[in-house]
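Dear colleague,

I am passing on the structure below, and after it you will find some notes on what turned up in it.

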Amino acid sequence: MVNTNFEKDVNYKPPTSYDYIEAEMAQFEEVGGICSNKDDVNEACCTVRSVVLGLIFVVGMSFFHQWGAVQIAGSYISSILVIVLVFPLGHLWTLIVPKSQPFTVKEHGFVLVMANTAWMYYSVFTYATLTTLKVLERDNLSFPYYFFFVLALQFLGFGLAGVLRRFLVWPADVIWPQNFPLIALLRSLHDRKINASEKIQNSSQTRSWRSRFSHNRLLYFFVIVGVVFIYEWFPLYIMPILRHFSWMCMISPGNNALAQLTAVRGLAVVGGGLTLDWYEVTQYLGSPLILPSWAIFNIAFGFILIVWIIIPIVYGANVRDVRSKPIGGVVSRNFTAVSLVTAFTSFACVSAVFMHAILFHGIDIWNQFRTKKLGNMGNDMHARLMSLYPPVPDWCYLELCAAALIVACVTCDHAGWLNWYWVLLSIFIGAVFVLPFGLVSSITGQLLHNLSVYYICILTIQSLPFGTSARKIYTFIALSYVVFVQTLALVQDMKLAHYLKIGPRPLFAAQCLGGFVCSTFSIGIRYMYVQKGKVGTNWSLFNNTQLGWNLLNDYVGFFSGKNSANQGLLWAFVAGAILPIPGWYLSRWPKLSWMKNLHWPLILITIGWMPAIVSAGALFTWLAIAFAVYFTYGKYTWSQRHIYLTSGALDLGVNLALIIINIGLNNQKTGFPHWWGNSADGTVDSCAKALN
C-alpha cells in the first residue's frame with residue numbers, strides 16, 4: 001500500500017515509485033488521457049547522455065535558425081521534430097557506450113526542454129527582436145554589447161517564471177494543451193505496455209487492417225506524417241493557390257460584392273474562401289485539434305459575431321470611408337473595415353483580460369499567492385507526485401532575473417541604446433501582462449504571442465520622449481515584449497516537465513544551460529554573418545501588421561494631431577472592461593452556469609490577428625477542422641491520444657516538407673514551372689477583386 005501522507009518530517013522517506021491507481025486520475029479528461037499517473041523517482045533524467053544530446057540540439061538549432069535568417073526562405077526545427085530525432089540517438093548511445101542504461105522518457109523530456117530554449121529564441125526572434133537587432137547592428141559596436149544584450153533578453157523571464165509557478169504551473173486547471181501532442185508522442189515512443197483489452201484484440205485472428213492501424217500508435221503517427229509531407233508539396237511549392245483558395249469568387253470573377261464577402265482576404269462567408277494548407281492555417285493560430293471544446297465554440301461565436309455581423313455593418317455604414325478600400329485586404333496605410341474593427345478588439349482585449357482574471361480567477365489567485373509549497377496544492381495527483389522531488393526556491397529564479405536585469409540596464413545604458421530607467425519601465429510593462437494573459441494561454445492552449453501586448457508597448461513609446469530614435473524605440477519594444485513571451489515560454493516548459501515528472505532542479509538546470517548556450521551561439525553566429533555583410537531581408541513579423549506598421553511609422557502619435565480620428569478607438573478599453581461582467585454575473589445562477597465558459601479575452605485575442613497575419617479564410621478553415629474533429633471523433637473516446645498524435649504528425653509533416661523545399665529549391669531560386677496553380681496573382685489571394 002502506497003503511503004499518501006506527504007507531510008514533510010525528518011523520518012519520512014519518499015517511496016521509490018508510484019503504483020498505478022485506477023481510481024486516481026487527473027481532474028481534467030484531456031490530462032487524464034495523455035499524462036501518466038505513475039512515476040518512478042529513481043528514473044534517470046539529468047544524465048551525461050541527456051545533457052550531451054541537449055547541447056547538440058541547442059547548438060544545431062541555433063545555427064540552423066540563424067543561417068535561415070539570412071537566406072531567401074528560412075526554415076525551423078520544431079519541438080515535435082526534436083522528439084523524433086532524439087529518440088534513435090538516445091538508443092544509439094545505449095548501444096555504443098558501455099554500461100549505458102536504457103534511454104528513458106525523462107531523459108528524452110530533459111533534452112526536449114533544452115531544445116525548446118532554442119525554439120523559443122527563434123520564435124521571439126521572428127516576431128519581435130529581429131528588427132531590434134538590425135537597428136542596433138547599424139552602430140557596429142563590439143561583440144560584447146550584443147552578446148550581453150541577447151543574454152539578458154534570454155534570462156529576464158526566469159525570475160517572474162519562478163514566482164508564477166504557483167499560478168501557472170502547479171494548479172490542476174492550468175493544463176497547457178500546447179504540450180499534449182509532445183507528451184502523446186513521447187509516451188507512444190517509450191510506453192510499450194498495452195492494456196488488457198488491447199491484448200485481447202491483438203490475439204484475435206480476425207482483426208481488420210483498420211483496427212491494426214488505429215491501435216499501432218507509431219504506425220498511425222508516421223503514416224500521417226508521410227501523407228502530409230507529400231501533400232504539403234502542393235500548397236508550399238507546386239500549387240500555392242491552395243493557400244488562398246477563393247473558390248466561390250471563381251464562379252463570377254468580376255463580381256466585387258462576391259469577392260469582398262467570400263474570398264480568403266475578404267470575409268470568407270460560408271466557406272467561400274479556404275486555406276488548404278496546414279502550415280498557413282496553424283502558423284500563428286496553432287493547432288485546432290488541441291483546444292478544449294468550449295474554447296473552440298468561443299472562437300466560432302466571436303468569428304460569426306465580429307467578422308460576419310459587425311464588420312459588414314461597419315463597411316455598410318462607411319465608417320472612416322472604409323468602402324473606398326477592400327473590406328479585408330492586407331497591410332495598407334489606411335484602415336480597412338476589418339483592420340479597423342480588429343484594432344478595436346486588440347485594444348479591448350487589454351482591459352478585458354484583466355477584468356476576466358479578477359472576476360473568474362481572483363479568488364484562486366489570492367489563495368495561490370499564499371501557497372509556497374507544491375505539496376499544498378490540494379488533491380491534485382500530478383502535484384502530489386512532483387512534491388516528492390527537491391524544490392527550487394523562488395530566490396534562485398529571482399537572483400538569476402536580477403543578474404539579467406543589471407546586465408540589461410548596464411549594457412543598454414552604456415551602449416546608448418536606452419537609459420537604464422527606461423529599461424526598468426519596459427520590463428515592468430511586459431511583466432504586468434504575464435499573469436492575466438498566461439491564464440488565457442494555459443487554459444485555452446491559444447496564442448503564446450500576443451499582438452495586444454505589442455501594441456501597448458508601442459503606444460507607451462509614443463508617450464515617451466524618444467522622438468524618432470529607432471534605437472530607443474526598438475530596444476524598448478524588445479525588452480518589454482520578450483520578458484512577456486519568454487516568461488510564458490519558460491512556464492509552459494515547466495508544465496511539460498510537471499506532466500513528465502522531471503524534477504524541479506533538473507528542469508532548472510536544463511533551462512539555464514539551454515538558455516545560456518542558445519543565446520551565446522545565436523548571437524555569435526549572427527554577429528559573424530553581420531560582419532560579412534549578410535543581414536537578410538526579413539523584418540520582425542509584427543512590423544507587417546496593419547496597426548503595428550501605422551504605429552511605428554507615425555511619430556506624431558496614434559491618438560493625436562492628424563490621427564485624432566483614432567481617439568474613438570479609446571472606447572475599446574472601456575468596452576473590454578465591461579464585456580466579461582454580464583457573463584460572470586449570469587454564471588452565478590445555476591441554470592446559467594454555462595456562461596462561465598464565455599471567454600471574451602480569447603475571442604478578442606484571436607480575432608485581433610486579422611487581417612494582415614491571419615486571413616478570414618484561414619480562421620474559417622481552422623474552425624472547420626476543429627468542428628470536423630469534434631463532431632466526428634471527439635476527444636474523450638479511445639481516440640483521445642490519437643487526436644493529439646494526429647496534431648503532432650501534421651506539424652511534423654509540414655516541418656519536414658518546409659525544410660526540404662526551402663533549402664533545396666526556394667533558396668536555390670528553383671521554382672516550379674509556371675502554370676495556373678502558382679500564378680503571381682494567387683500569392684495573397686486567388687481572387688484579385690478581394691484586394692481592389
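**Cysteines, core and one helix**

C45 has a relative accessibility of 9% and therefore counts as buried, where buried means under 20% relative accessible area, exposed over 50% and partly exposed in between, with a 1.4 Å probe and protein chains only. Please bear in mind that this is a predicted model, in which local features need pLDDT of at least 70 and side-chain atom pairs count only at pLDDT 80 or more, while totals for chains, interfaces and linings use all residues. Residues are numbered from 1 along each chain as its sequence is written, and side-chain values use heavy atoms, with hydrogens and water left out.

C512 is also buried, at a relative accessible area of 17%, and C512 is in no disulfide, the nearest cysteine sulfur being that of C396, 9.0 Å away. A disulfide is taken here as a pair of cysteine sulfur atoms within 2.5 Å, and by this rule the count comes to one. C249 and C687 form it, with their sulfur atoms 2.0 Å apart, and both of these cysteines are buried. The torsion about their S-S bond is about 50°, so the disulfide is right-handed.

A nonpolar core is a set of buried Ala, Val, Leu, Ile, Met, Phe, Trp, Tyr and Cys residues joined through side-chain atoms within 4.5 Å. The largest one has 209 residues, of which F149, L479, F484, W609 and L619 touch the most other members. A second, separate core of five residues includes C249, A259, A263 and A690.

Kind regards
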